[in-house]
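Student: I would like to see how the labels on this model follow from their cut-offs. Please take me through them.

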Amino acid sequence: METQKTAVITGANRGIGLETCRQLGKKGYHIFLTARSEQAGIKARNKLINEGLQVSFHTLDVSSESSVRQFAARLEENERTVDVLVNNAAIYYDTEHEASNPDFQIVNAAFQTNVIGPWMLTTALLPCLMRSRAPRIVNVSSEAGALNGMGGGTPAYSISKAALNVLTIKLAAELREHHMKVNAVCPGWTRTDMGGPGAPRSVAEGAAGIVWAATLDNDGPTGGFFRDGKPISW
């Protein structure tokens with residue numbers, strides 16, 4: 001009998017992260033919902049449990065090396081298998097700044113959460129991912145980080161997402177031999193706290209592309225950048 005698949009999702013107490021938990025949960029995954037705020041994370045977990053999904057909550061701040069290590073050690077203690085890792089947590093859509101006039105405190109914080117955090121967590125969870133027969137890593141990126149057509153504005157967010165895209169390519173190349181698929185996904189401009197109420201796409205639409213990448217079959221792509229399951233330009 002095949003054991004239940006598991007998915008770790010960061011920044012999952014609201015928005016696209018929460019909806020990704022919901023959609024993967026409906027596909028039968030046991031969800032490890034993670035968030036910085038224990039109160040918000042437990043509230044989100046309980047909401048999904050009330051919908052009939054199998055969810056556990058773990059406090060995780062991806063910008064903190066000690067928090068990442070503690071979370072990974074907790075899973076490793078029980079020799080857990082992680083089939084899917086969704087690096088969703090992100091901060092600072094800094095529309096009020098320009099690359100020629102940056103706030104480097106914001107730049108540093110954005111890189112710590114948007115790039116170094118996913119990098120630390122992915123490497124910390126590699127033993128758990130390698131226990132899976134079909135491990136999948138999804139880095140939730142943004143077309144704001146695409147070099148093609150990039151202009152000015154939102155420097156911390158855009159440059160950190162561009163770096164996350166590069167990390168995706170590097171990891172995909174190095175982990176291919178372990179049958180691991182690593183892809184970046186742009187959910188599009190969605191109606192989240194970051195995207196605002198005027199965004200044209202629903203949270204469910206944005207999460208669907210992430211779930212697609214998280215559930216790729218063995219013939220699926222790796223090392224790509226996608227929206228709605230279709231390649232987009234780096």
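Tutor: The questions below deal with a few residues and one helix.
Tutor: This is a predicted model, in which local features need pLDDT of at least 70, side-chain atom pairs count only at pLDDT 80 or more, and totals for chains, interfaces and linings use all residues. Residues are numbered from 1 along each chain as its sequence is written, and side-chain values use heavy atoms, with hydrogens and water left out.

Student: Why is Arg22 called buried?
Tutor: Buried means under 20% relative accessible area, exposed over 50%, and partly exposed in between (1.4 Å probe, protein chains only). Arg22 has 12% relative accessibility, so it counts as buried.

Student: Why is Lys47 called partly exposed?
Tutor: Its relative accessible area is 46%, so Lys47 falls in between the two limits.

Student: What makes the pair Arg22 and Glu51 a polar contact?
Tutor: The term requires a pair of N or O atoms within 3.5 Å; within protein, one must be able to donate a hydrogen and the other to accept it, and residues adjacent in sequence count only if both atoms are side-chain atoms. The side chains of Arg22 and Glu51 are joined at 2.9 Å, so the distance meets the limit.

Student: Which residues is Arg22 in contact with, leaving aside neighbours within four places in sequence?
Tutor: Contact means heavy atoms within 4.5 Å, and Lys47, Leu48, Glu51 and Leu53 are the residues concerned. The C-alpha atoms of Lys47 and Arg22 are separated by 9.8 Å.

Student: Where does the kink in helix H4 lie?
Tutor: The kink, about 40°, lies at Ile116, shortly before Pro118. The bend at a residue is the angle between axes fitted to the seven residues ending there and the seven starting there.

Definitions and conventions: Helices (H or I, at least four residues) and strands (E, at least two) are DSSP runs, numbered from the N terminus.
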